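Reader: I'm new to this one. Could you walk me through it and tell me how each label is earned?

Author: Sure, have a look at it below.

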Amino acid sequence: MLAGFMKYQGEPRSVLVTGGSGFIGKRLVPILLSLNHRVTLLSRNVPRDAQCFGDAVQFVTDLSAIETAARFEVIINLAGEPLAGQRWTAQRKTRFLQSRLAVTAALCQLIERLERKPDVLINGSAIGFYGPQGSEPLDEAGAAVPSFSHELCRQWEEAALKAERLGVRVCLLRIGIVLGRDGGPLAELRRPFDCGVAMQIADGRQWMSWIHLDDVVAIILYVMRNRAISGAVNTVAPHPVSNAEFANALSAYLRTYAKVRVPAWLLRLVVGEMADEVLVTGQRVIPAKLQGAGFEFMHPSLPLALEDLVGPPIS
């Protein structure tokens with residue numbers, strides 16, 4: 001389980017994590033602890049998180065309560081209300097933005113107060129930064145299409161970059177579709193397949209820039225120590241696939257008896273704006289910065305990821 005992460009073993013560091021109870025955080029925090037890092041978690045529900053992570057984690061309920069003499073070499077900010085699940089009403093979009101900006105602003109205020117600044121702030125973002133795109137490959141310098149998802153990520157990244165003025169290296173993880181066990185996008189994507197139906201969305205040509213959850217964690221561990229990496233970091237696997245390719249690949253691991261194509265108009269009717277920004281369109285994102293730095297993915301191809309997460313191909 002932890003063998004793939006042992007190469008990131010090094011001198012233990014003091015790490016402050018926000019969003020630790022989320023899909024990525026629940027995998028990240030135990031691995032940080034296994035590598036002997038000292039973890040402090042910002043928590044809104046300490047009894048729940050203590051039950052999840054045990055007494056090896058220190059908890060704080062308010063960043064303003066942290067003393068100026070406290071020392072954190074690494075801050076990892078993954079806080080933010082999930083975008084999936086319901087229609088993007090004006091009220092929900094405001095919550096999406098405020099849940100990210102409020103915590104990030106509080107972190108920058110904390111950094112300003114600390115007598116010793118952290119080495120790095122690793123801040124969440126998403127490939128939604130690029131907005132709905134076509135088939136053009138996008139590295140970290142790729143042009144963005146105006147949209148709500150772009151504006152959300154842009155403001156979140158700008159809020160985090162304020163830490164650079166305080167002498168802190170900032171890494172902005174533009175995270176793709178994270179595939180993992182026990183929830184996350186894969187649980188939703190495989191639901192019809194588990195019922196024997198291979199589902200394709202619209203024409204199936206939209207790109208899906210996916211990544212295995214363990215590679216997200218490995219990237220976080222990698223950029224913690226690689227001081228040559230800063231700014232935007234496309235946190236995706238090196239081989240994105242179209243939605244049709246994804247459906248065909250998943251069909252090799254889950255037995256299906258019928259194929260269904262869900263039309264774009266129906267998705268727009270059901271989920272509204274989210275259909276055009278997330279489901280019917282996509283982004284063909286390339287992890288150029290990570291590849292240039294020599295990062296090695298544990299699950300570089302979709303078949304390798306699905307075999308690990310779903311099981312062996314059906315005969």
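Author: The chain has 12 helices and 15 strands; helices (H or I, at least four residues) and strands (E, at least two) are DSSP runs, numbered from the N terminus. This is a predicted model, where local features need pLDDT of at least 70 and side-chain atom pairs count only at pLDDT 80 or more, while totals for chains, interfaces and linings use all residues. Residues are numbered from 1 along each chain as its sequence is written, and side-chain values use heavy atoms, with hydrogens and water left out.

Reader: What makes the chain as compact as a globular protein of that length?

Author: Its radius of gyration, taken over C-alpha atoms, is set against the globule rule, 2.2 Å times the number of residues to the power 0.38. The chain comes out at 19 Å, close to the 20 Å that the rule gives for 315 residues, so the description fits. Along its principal axes, the C-alpha trace spans about 60 × 40 × 40 Å.

Reader: How many disulfides are there, and why?

Author: The count is 0 disulfides. A disulfide is a pair of cysteine sulfur atoms within 2.5 Å. The sulfur of Cys-108 has its closest cysteine sulfur in Cys-171, and because that is 14 Å away, it's too far for a bond.

Reader: Are Cys-108 and Cys-171 buried or exposed?

Author: Buried means under 20% relative accessible area, exposed over 50%, and partly exposed in between (1.4 Å probe, protein chains only). Cys-108 has 9%, so it is buried. Cys-171 has 0%, so it is buried too. Across the chain, buried residues make up 51% of the 315 residues.

Reader: Why is helix 1 called largely enclosed by the rest of the structure?

Author: Helix 1 covers residues 25–34, and 7 of its 10 residues are buried, so the phrase holds. Those are Gly-25, Arg-27, Leu-28, Val-29, Ile-31, Leu-32 and Leu-33. They pack against several elements, including strand 1 (14–18), strand 2 (38–42) and helix 7 (213–225). Just after helix 1, Asn-36 takes a positive phi of about 70°.

Reader: How do you know that Thr-40 is buried?

Author: Thr-40 has 10% relative accessibility, so it counts as buried. You'll find Thr-40 in strand 2. Not counting residues up to four places away in sequence, Thr-40 touches Val-15, Leu-16, Val-17, Gln-58, Val-60 and Phe-72; contact means heavy atoms within 4.5 Å.

Reader: And Ser-242, is that buried or exposed?

Author: Ser-242 sits in strand 13 (residues 241–242). Its relative accessibility is 11%, so Ser-242 counts as buried. Leaving aside neighbours within four places in sequence, Ser-242 is in contact with Gly-204, Arg-205, Gln-206, Trp-207 and Met-208.

Reader: Which residues does Asn-226 touch?

Author: Asn-226 is in the loop between helix 7 and strand 12 (231–235). Leaving out residues up to four places away in sequence, Asn-226 touches Arg-169 and Ala-293. The C-alpha atoms of Asn-226 and Val-120 are separated by 9.9 Å, though these two are 106 residues apart along the chain.

Reader: What share of contacts in the chain join residues at least 24 apart?

Author: Among contacts between residues at least 6 apart in sequence, 80% join residues at least 24 apart.
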